[in-house]
Amino acid sequence: MGCNLDKLTSFKDNCGFGLLAHLKNKPTHKNLEDAIVALERMMHRGAVAADGKSGDGSGLLLSMPDKFMRKVALQSGVDLPKLYAVAFVFSKDESQLDTFRQYCESNDLKVVLNREVPVDTDALGEQALSILPKMTQIFVIPNTLVSSKRFEAMLYLARKEAEHKLKDDEDFYIPTFSSKVIAYKGLVMPTTIRQFYIDLNDDDFKISFALFHQRFSTNTLPKWRLAQPFRGVAHNGEINSIEANRFNVEVKTESLKSEIFSDEELQRIFPILQDGASDSASLDNMFEFLMVNGMDFFKAARSLVPAPWQNAPYMDHELRAFYEYSAIRFEAWDGPAAVSLTDGRHIGCVLDRNGLRPSKYFITKDDRIFITSEYGTVPFDEEFIIDRGRLQSGQMIGLDLKNGTLLKNDDINDYLKSTQNYEKWLNNNMKYLQEYVEDTFLDLSEYKFDDITSRQKYANISYETLDQMIIPMANEAKEPTGSMGDDTPLAAFSSKNRNFTDFFRQKFAQVTNPPIDPYREKIVMSLNTGLGHTYNILEENEHNSKRVKAISPIFMKEKVDVLVDFGDKNSSNYDPDYKNRFFCTTFTTDIKKALEDLYEGIKLAVQEDNISIIILDDRAITKDKKIIPAAMAIGYINQHLLEDKLRGRVSLLSVTSEVYDPHTAAVLLAFGANAIYPYMMYASIVSFFERKNISDYALQNKLKNSAKAINAGLLKIMSKMGIATVASYRNSSLFDVLGLGDDIVQSCFKFASSDLAGLTFEDIEKRIEKLHFDAYFNDKTMFPLNMGGFYKYLNGGEYHDYAPAVTKAIHNKNATKKEDISDFKGLKSLIENRGQKFIRDFFEFNSDKGSISKDQVESKEEIFKRFAAAAMSCGSISIEAHEAIAVAMNTIGAQSNSGEGGEDPARFNTLKNSKIKQIASGRFGVTPGYLVNCEELQIKLAQGAKPGEGGQLPGAKVTEMIAKLRHTTQGVTLISPPPHHDIYSIEDLAQLIFDLKQINPSAKVTVKLVSTIGVGTIAAGVAKAYADKIIISGADGGTGAAPLTSIKHTGNAWELGLSEAHNSLKANHLRGMVHLQTDGGLKTGLDVVKAAMLGAESFAFGTSVLTILGCKMLRICHTNKCSVGVATQDTDLRTRFNGTVDRLISYFEFLADDVRDILAQLGYTRLEDIIGRSDLLKVIDDDFARKFDFQNILRRIDGIDTCQVASNVPYDKNTESKKLLKKVINTIENPVKPIIIDYEISNLNRSFGTLTSGEIAKRYGDDGLPEDMITYNLTGVAGQSFGTFLSRGITLSLDGVANDYVGKGMSGGKIIIKPQLQGSSYAGAGNTCLYGATGGKLYVRASVGERFAVRNSGCIAVVEGTGDSACEYMTGGIVVILGETGINFGAGMTGGLAFIYDKDRHFIDNINQELVEAIRIDTDETELERLYLKKLLQDYEKTTQSHQAEIILENFRSQIRNFWMVKPKNMSVLPLNPDEGD
Amino acid sequence: MLNFTKIDRNNPSKRGVMERIKDYKEVYNIFDDNKASEQSDRCIGCGDPYCHNKCPLHNIIPAWLKQVASSDLELAFNISNETSPMPEIFGRICPQDVLCEGDCTLNETHGAITIGAIETHISEKGFQAGFKPKFNAKKIGKKVAVIGSGPAGISVATFLLRAGIDVDMYERASKAGGLLTYGIPGFKLDKSVVQRRVDWLIEAGMNLFTSCEIGVDKSIKELEESYDALFIGIGATKGRYAGLDGDEKSHVHLAMEFLTKVQKRQFGEDVENYIDVKGKNVVVIGGGDTAMDCLRTSVREGAKSVKCLYRRDEANMPGSKKEVINSKEEGVEFVFNVSPLKIEDDGIVLVKTSMGEADESGRQSVNIVENSQYKEEADIIIYALGFTQEKPKFLEELNLELDRWNGIKVDDNCQTSNKKIFSGGDGVRGADLAVRAAADGKNAANSIVKFLIK
């Protein structure tokens, strides 16, 4: 929309959550007390304000405390009958309650009591108190026989009606209205919830189960109504696919029939989802609707949050049939999610398919189960616990309270698959397209056109598009890679012919949700596409399994033919459910009218002729006819079909010339296309290769490759948002629409975010006319296509900001004097005269002061302090370039950034030391020594070139030096995962920030984000997670290698993100807590001053720095062939490096001087005084500029504009760790005599050992202390990040269990975890242990969570079982697992070794075999391995007294046959040293 | 691609010196397929293609290099011929070392791609394979007169014919090609190569009127009335004298006079006042490509000795480096840092110079060394000191705006003060490179198309 003001205060939330239940359904007051204790002990997972009273809300969803309710009713003279319900209502006034009561009565419910809920407002923080609603409990009973039978239904109906009626009253909210459950929640802290709700102190308040939740919202404007749990759900995580889910719920609504409600009642209920609700609330709405309509509890849960089944061959076939059937009716609510659910009788917890949230359970001797985000939330003795475990990816655990049975994942699955004969239903009714197609691309007749060149020109297929995109896809079956970012204007600002899909910028996950790795975790991903009607989701029968299925939404002639054949009355395959019709999407004039006409035709066809497959075909383009852009047509039709409640009756197939890369395909899918037939891509390939005399078979493979490449690209684009299935991506609108006017956005893309509202239908039509003229009337003779210029500079092509003239000015070859090394004047004039190419070019200064003399302006040294070099690792660029940057920046008092990839310790404490050390998802070289040698620690959440994606450093580039710095092996490919595996949500980020503030308390912690609409919300959350500085990176910057469409189409310019973040922080009163920096294509003083006015306090430079050092924008960084020695590790090429420190300094002097000139001209003496002063900018006086709406960027809201604090100090002061540090500081300073300390630990002690490790690293670097110099003997449950960044010399020995991130980044030392319940069936530590560890030892005599030893590059570990994806991306170290592992073992593992004890012989199925192989070690050849393993196990057994190890060692000769050794396939020399086993 | 780290730059092979100085055939051999492909494979395919940017025609050099590397000759041929009216000619005669190859990213570190040689290879091999330049068969019914058949004229004609516009070309000499035919010796550019291009234009419907001088054989008014537009590409053909005592002496000649006469005799024409250098001591004054042409022609004409006299040092010479090398190979003697003072009957009096500060363009100034006069013996003295525009009568008649050197004034679209008349090349810019003239011709053709179609 034009105005994104509401975005500034919008929010995303994550949290700590859990549930507690008595297995035998026995209500006690103790249950309530323990639930509150558990909640209190997860406070660090929520947000806490400085007063300790204000937070983002918490709450409890409890079984109805029957005894208590009856007691209080009786006190008011009401003797409740057997059947009654209580509504908990938040309201502003009596009239709202009246409305509610009226709806109760009109639904046959009798109100018997209005009870004012007693509260103690002293428990509230100021803000919570100021918006405290009136709290009333309204007791109702059935009024008639009917209502007693349909009591729950009537409660629901009455509540929904009241909600609809009062939907505009923000203050009216009904937490629960049920006979089974009641919620007590609000803007209270877990520590004060009992003080606030006086009811909770009554001993008669007895409950048998509780769901509890503490919220961490990204904003600071919490509301009472937003507290969780909801009516049936408490959710920790984020639903990435929420937009698509909401759209699809509306589609499903069209065909709903209920056994519980009449059609008329359903109409009163709709919409199912409340407007403006959070993702969790929407999920709750949906789940509740299914429950109240009688859907099975477990089926509903598993339909909304299914396990991955499409690419899970190990899954039971009947269970798979259940999922396949349920996928017809429901798409996954996809994203990191641990969801607790209840319908009053059942209670359960389900984890997302990727296991991205923690969910741990334990069962106590007194028959109670606790499921929480962490272990140790209720302090019990180890003896009191009889079972301890955790949910793995995609698993569910449940309780049937009526029967008192605990249902573990397998029990639930057995139940699900046996309730119906799903397999038979599917066999009879599901049509798999591929079964009807013999082979694809046999018939090429549809790919030949007489006027193909005109058609290609119309589709913007240039020589460059063919050469850089289409042909590489046909050859390699994957999207090509590029480098050095994007320096071209937005489509809206461009004067060249651009694709309509260029107006759409891909969205990506950062902080509040993680992206997925579509390569290493493809097991969870799927492009499975269904076509046909949407059926009544409430009815489970054979007919509803009718569906046409395809393995991908990318079709070819053969598949389209089959689909058309299904709808052909004369065909033997005819089925009236699949009647189809072609609709031509060409037009002559008046595109808007053409859209309306097109839609009217479709509507008629659906209503009158029951057409269910709509085929939108643009092939009728001629000299006289143009094409309606496919995305516009799809968006318009999709949206209008929904409005007319017809969307569920049809599927949309787009036959389009516009799709020839993954981005174009993704746009169509996100706005509603079910499938795509990209015929022009195929035609282009055919016409290109036809001349080359390749065989039909080879050509067929090229065509198949192109479709494969699009598929792979789609997975990548979906995974960037953390969405695993195309069903959940379709209709998601997950793009920022930039530059299209509100009329277009409203009628075609209204669910998408949009900004820079500008071009109208008429403008687009004019552009199309020009395109059409060029295609059909502007013939060239020798080579008919346009040459391009979009990816790389070409004369006459798209504008490039780093065109040859610019780089030439920077490299001024004619210079004879040092100060002329670059022709800055020339550069400045080129940049300032480029016209309106980037957003900032549309602004000019509008100073409120007269100019002053330059002498009055602050010195350049003051300005230098605000400059930093952008992160570029020593690995991506040469060591020469890396050091030159460091020296130059340090010399002028600015900052250089190590990038992630380690730094040579020899550089520490010299002019070559990078003041900023980066922490990225690969954690390469991130050791205690690295972390303490800097003044700023930067967490890179995303990078401009490819936000939401991981990276890869090919083995060839991993030289000896690089390998040393990264603690890996020379020649071994290094993979950086898309997400930080310790940041799946905002509270995780808070934990990592906390970790970093422990290891290096004096460093500022920075979080780097990439600009996108909504980044303001994220920035506010990051500020609340105690970051000191936030960087908003422009998507146009970015020097790294990335897929071409990612470089071109993901993320936004910094102007948009910076202003949004700045204003959002202000709106949330957080601006004063954090510093704001920006980067992305900054070149001159003008850029710096404009960025300052939009809110940036400091500025980073990447591309310009490289260019000064000699980069010529070759865009070949990814090839290791940089001929100027900047971005290469090649020893010969590095000798060509001719960049100098002087050149860089000279550039920054120019910049600072330029800034000073501008400040003088504006009449300001300090940069500080113009930061955030967007009022000093105005839109230029220009017709083209007037087309666009810049209000979101130039907006200035009240409040302070700059950071006011030295450090954003966490609420948790970690006083325990500080105390412990004092005890050992002497030993650290004078390490002669070992020291042993006994300590009782709890889950509140987070990052245990990290503060001490930092002190050691400061003095001794990564060498640490002698082994066992400091030993902590601990008992209890350790908090998050136990032993994170542990230094050598520390031993942590724990009698108990630990939570997530044990030994993360440890470089030495030992961690020994010995829970009472030992062995593979019990849990000993949480998720993501040893992430990025470079050394040390970890022993756990129980099993550990998901992603064990992810990116381990040196630690030696022995555990007794793991969750899914163990040893992912591992590059070194040794892992021994003496029990079960989960699936996807060794994905992306390029180094190190693992030994797996596999007695039951099913480990092989769990291996991701792409890079690793498992071999036996009971052969002559593997003597060394056996010896090593034995020694290690002996040490393990001695240290932990593990029963499992004892059993194995007792019979080692025979047991050795149960071991597998997993090693990377291409590893020939094993990194084993048997002596290390001792 | 990107094989520059493994493969070194190679120039095409040359014919042996003793063989080549005996005739006027081309010195360079054309790359064979393997060599062309191997050399092309060195290309980086830069994000900023500096070669393409520097080329006055903006040839899409990286694109055809890539296609040559992958052996798609047809595609390379089409892309190469799309932007250039005669790539095989510019491949031979362009000073690549100051244009595309000079700007090649690899030039300073690994040796530039041999762009010129590959460019020639593409078209020559393409012609052998039967590819031909294409022209628009559909005529739009407009007619343009082109005055002058040099690089600018050929270029404008080519692009007009591609757009379906009829062209009549007028040339005062007996053969078309202008400088390409008469100014550049055959050992650099075989005359059949120029004729081939002209023939294709005629095949495409162009009418060529040779030996037809406008203002003499045909009036300019007649042209103006009978054509929809005119293009004037008359070059800059007036040679410069040094302005010394003795310039008027009979053994002093101008470069173009010398070269044209030699070329005419090559064509078998009768040449009046032929300048015979056989057995004589020849000195050529100047350091540009034309000087090299004179020197090397003199060698082939059998001169006793051939010397080049140049005011600056070798580093400051404006001509192609490779032509200097070729000249040296062929026995030319270079005398640097000498400035002529006067012509005497048996030679030329010179003074020695030294190099001073560089000016804005990077060229160093010249200082005279005192008391360093000496005399160089010479029987024939040739001035190769550049050219200026002539001012034929018809220009006066048209009343076009001219600059102070008699250059025709045009706007960015090559349009003169008379909207119907377009111009470009040396006639506008003064003596310059043939490729710049061709770029003007292309630009003018585009403007004429827009002017005529509106």
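The following exchange concerns salt bridges, burial and interfaces in a predicted model.

Reader: Why is Pro379(A) called exposed rather than buried?

Author: The relative accessible area of Pro379(A) is 52%. Exposed means over 50%, so Pro379(A) is classed as exposed.

Reader: Where does Pro379(A) lie, and with which residues is Pro379(A) in contact, leaving aside its neighbours within four places in sequence?

Author: Pro379(A) belongs to the loop between strand E13 (368–372) and strand E14 (385–390) of chain A. Leaving aside neighbours within four places in sequence, its contacts are Val37(A) and Arg41(A). In addition, the C-alpha atoms of Pro379(A) and Ser1242(A) are separated by 8.1 Å, although these residues are 863 apart along the chain.

Reader: What makes the pair Arg329(A) and Glu540(A) a salt bridge?

Author: The N to O distance between their side chains is 3.8 Å. The cut-off is 4 Å, so the pair Arg329(A) and Glu540(A) qualifies as a salt bridge.

Reader: Why can one say that this pair ties together parts that are apart in sequence?

Author: Arg329(A) is in helix H12 (residues 317–329) of chain A, while Glu540(A) is in the loop between strand E20 (529–531) and strand E21 (547–550) of chain A; the pair therefore ties together parts that are 211 residues apart in sequence.

Reader: Is Arg329(A) buried or exposed?

Author: Arg329(A) has 4% relative accessibility. Buried means under 20%, so Arg329(A) counts as buried.

Reader: How do you know that Asp617(A) forms a salt bridge with Arg619(A), and why do both residues count as buried?

Author: The closest N and O atoms of Asp617(A) and Arg619(A) are 2.9 Å apart, which satisfies the requirement of a distance within 4 Å. As to burial, Asp617(A) is at 11% relative accessibility and Arg619(A) is at 19%. Both values are under 20%, so both residues count as buried.

Reader: What places Glu163(A) and Arg159(A) about one turn of the helix apart, and what is the N to O value of their salt bridge?

Author: Both residues lie in helix H6 (residues 151–165) of chain A, where four residues separate them, about one turn. Their side chains meet at 2.8 Å, N to O, and both Glu163(A) and Arg159(A) are buried.

Reader: How many salt bridges does the structure hold over all chains, and what is the count between chain A and chain B?

Author: Over all chains the structure holds 143 salt bridges, and the count between chain A and chain B is five.

Reader: How do you know that Lys692(A) forms a salt bridge with Asp72(B)?

Author: The closest N and O atoms of Lys692(A) and Asp72(B) are 3.2 Å apart. A salt bridge needs these atoms within 4 Å, so the pair Lys692(A) and Asp72(B) meets the criterion.

Reader: What else describes the interface of chain A and chain B?

Author: Across this interface there are 23 residue pairs in polar contact, both members at pLDDT 80 or more. On the side of chain A that touches chain B, the elements giving two or more residues are helix H17 (463–476), helix H27 (804–810) and helix H39 (1131–1134) of chain A. The largest share, three residues, comes from H27(A). By class, that side has 14 nonpolar, five polar and 13 charged residues.

Reader: Which residues of chain A are in the trio that supplies more of the area buried against chain B than any other three?

Author: Chain A and chain B bury about 3300 Å² between them, 54% of it on carbon and sulfur atoms. Of the area that chain A buries against chain B, Thr781(A), Met782(A) and Lys1121(A) supply 22%.

Reader: What makes Arg20(B) and Glu329(B) a salt bridge?

Author: Their closest N and O atoms are 2.6 Å apart. This is within 4 Å, so the definition is satisfied.

Reader: How many salt bridges cross the interface of domain 1 of chain B and domain 3 of chain B, and how many residue pairs are in polar contact there?

Author: Three salt bridges are found across the interface of domain 1 of chain B and domain 3 of chain B, together with nine residue pairs in polar contact, both members at pLDDT 80 or more. The side of domain 1 of chain B that touches domain 3 of chain B comprises seven nonpolar, one polar and five charged residues. The two domains bury about 1100 Å² between them, 43% of it on carbon and sulfur atoms.

Conventions:
Residues numbered from 1 in each chain as written. Chains lettered and ligands numbered in written order. Predicted model: local features only at pLDDT ≥ 70, side-chain atom pairs only at ≥ 80, totals over all residues. Heavy atoms only, no water. Buried area = accessible area lost by both parts, 1.4 Å probe. Polar contact = N/O pair within 3.5 Å; in protein donor to acceptor, adjacent residues only side chain to side chain. Nonpolar A, V, L, I, M, F, W, Y, C, P; charged D, E, K, R; others polar. Buried < 20%, exposed > 50% of the residue type's maximum accessible area, 1.4 Å probe, protein only. Contact = heavy atoms within 4.5 Å.
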